[in-house]
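Visitor: I am new to this structure and would like to be guided through it slowly. Could we begin with the spaces enclosed inside it?

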Amino acid sequence: MSDRYQIKKSNAHYAKAVNRLPLGVSSNYRSWGPDETLYISHGKGARLWDIDGNEYVDYRLGFGPAILGYGDDRVDAAARDGMNVGGPTALSTETEWAVADRIAGMVDSVEMVRFANSGTEAVMAALRLARSYTGRSRHIMIEGGYHGLSDGVLWETHHEVDASGNVALEVKPEGKGVPPLLRTLFDAVPLNDAGSLEQVLKERGDDVAALLIEVILGNAGSIASEPAYLQHIRSLCDEYGVILLIDEVKTGFRVARGGVQELMGVQADLCTFAKAMGNGYPISALAGKAEIMSTIGPEGSAQGGTYAAHPVSLAAAEKTLEILDETDALERIARYGEQLQGALSGLLSARGVVHTWSGHASMGGIFFTEEAPRNYEDWVSSDYEFYEALSARLIRSGILVEPDSREPFFISAAHDDSCLNETVEKFEVALDAVLEERSGSS
Ligand code: PMP
């Protein structure tokens, strides 16, 4: 490993922070333990600096939001203008219509929009709306999907592999405190398996309000839905009167202007957005068909909150979406992703390392398997330990990827040739070290 890399200040800060902040952080996913947790001083463009002064090319992008890069001057200037409103007033501004209209112009299925602050909130409200509109209580989720921290969806797919390599999956709550009773309100089915979905719908379709799906599993290696599967689930939802609720918190305004719905040619009844829409400012949206959305209100379902459509975040979203809609930012992001994947594949293939990329170039997942993964079970069966060894070395050399292989490589419009060259160079060194380590231990 690089002998110059050290994070003494981060380690010391963790020791202090852990006394005031559980796990030393403000979100469980940011804690990598006493020796590895990083504290950041600042980011700019595609790069981050930690408090020890280490510089990183960042492929985590805060789990996706910094689509234009950290501290984008255009977005930050707009956000500063947003401050002139004076803060949330418990009344609405004209900008809300402007941003809703922009979203409706970008995403085909969207006729109406409501704003919230986080992906969690948007999904929670969308699911409630689906229940209110259909008068049904159940929902269906996809194994390996993630939809935020509200209790109804805070269920993980756990796995066990027996001695013969057979995989058993089980859905469990993420952590304690999620009422077990809620497990009785949903089913989980594998991606790309319309038969399993149909089976559930045949048994209890009359009670199902929504199919909640990430069309690209952005929290499970970016595994993509197949086109025929998408057509099939769209028609099953129509047949059984189930709302197709596409969670675009990661894919929205990233994989295409019209999100994964445009990319894959499918239309949601309801969809959710967050992350890329505000370039890091806290804002999210639930959106969809007017027939459904217009039932939000006192006679239908509740949605809102003190900070919904916060003027600073809203101004940032207005500018971010304008840039994503009117410039070639998304094309450049995809091109960078393709170049990165091509270069890394070249290094891996030259060394005989079998691998495949999944998802979209702007948020690609890498699998050390021969065949493209089709569902979460394929992630379980992949060599994710190889990824973990590689990612640990990459981080120490200044390439910040997520230690968990289920998070994709997020690309921003600020990733440039210097980032690409540095990444490829350091990837080669890390790869050779891991391969050497493996050959030594085998
Ligand atoms: N849905 C999806 C698909 C997500 O990826 C996430 C966050 N990673 C969420 C919902 C929750 O969003 P937030 O963290 O903003 O609450």
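Visitor: How do the residues lining the second largest cavity divide into nonpolar, polar and charged?
Guide: In this predicted model, the lining of the second largest cavity is made up of I366, F367, F368, W379, S382, D383, Y384, Y387 and S405. Tyrosine counts as nonpolar here and serine as polar, so the residues of this lining divide into 6 nonpolar, 2 polar and 1 charged.

Visitor: Which elements each supply at least two residues of that second lining?
Guide: The space in question, the second largest cavity, holds about 40 Å³. Among its lining residues are I366 and F367, together with Y384 and Y387, and the elements that each supply at least two are β16 (363-367) and α12 (384-397).

Visitor: What is the volume of the largest cavity?
Guide: The count of cavities of 30 Å³ or more comes to 4. The largest cavity has a lining that includes M141, W155 and F186, and two or more lining residues come from each of β5 (138-142), β6 (155-161) and β8 (186-189). By class that lining has 6 nonpolar, 3 polar and 1 charged residues, and the volume of the largest cavity is about 60 Å³.

Visitor: Turning to the strands, which residue in β17 is the bridge partner of D58?
Guide: An open sheet of 4 strands with mixed pairing runs in the order β1-β2-β3-β17, and its edge strands, each pairing on one side only, are β1 (40-44) and β17 (399-400). Strand β3, residues 55-58, pairs with β17 in the parallel sense over 2 bridges, and the bridge partner of D58 in β17 is L400.

Note on methods
Residues are numbered from 1 along each chain as its sequence is written. This is a predicted model: local features need pLDDT of at least 70, side-chain atom pairs count only at pLDDT 80 or more; totals for chains, interfaces and linings use all residues. Side-chain values use heavy atoms; hydrogens and water are left out. Two strands pair if DSSP finds at least two bridges between them. On a 1 Å grid over the protein atoms alone, a cavity is a set of points where a 1.4 Å probe fits but cannot get out, and a pocket is an open set with protein on both sides within 12 Å along at least five of seven lines; lining residues have an atom within 4 Å of a point. Grid points are joined across faces, edges and corners, and a volume is the space filled by probe spheres set on the points.
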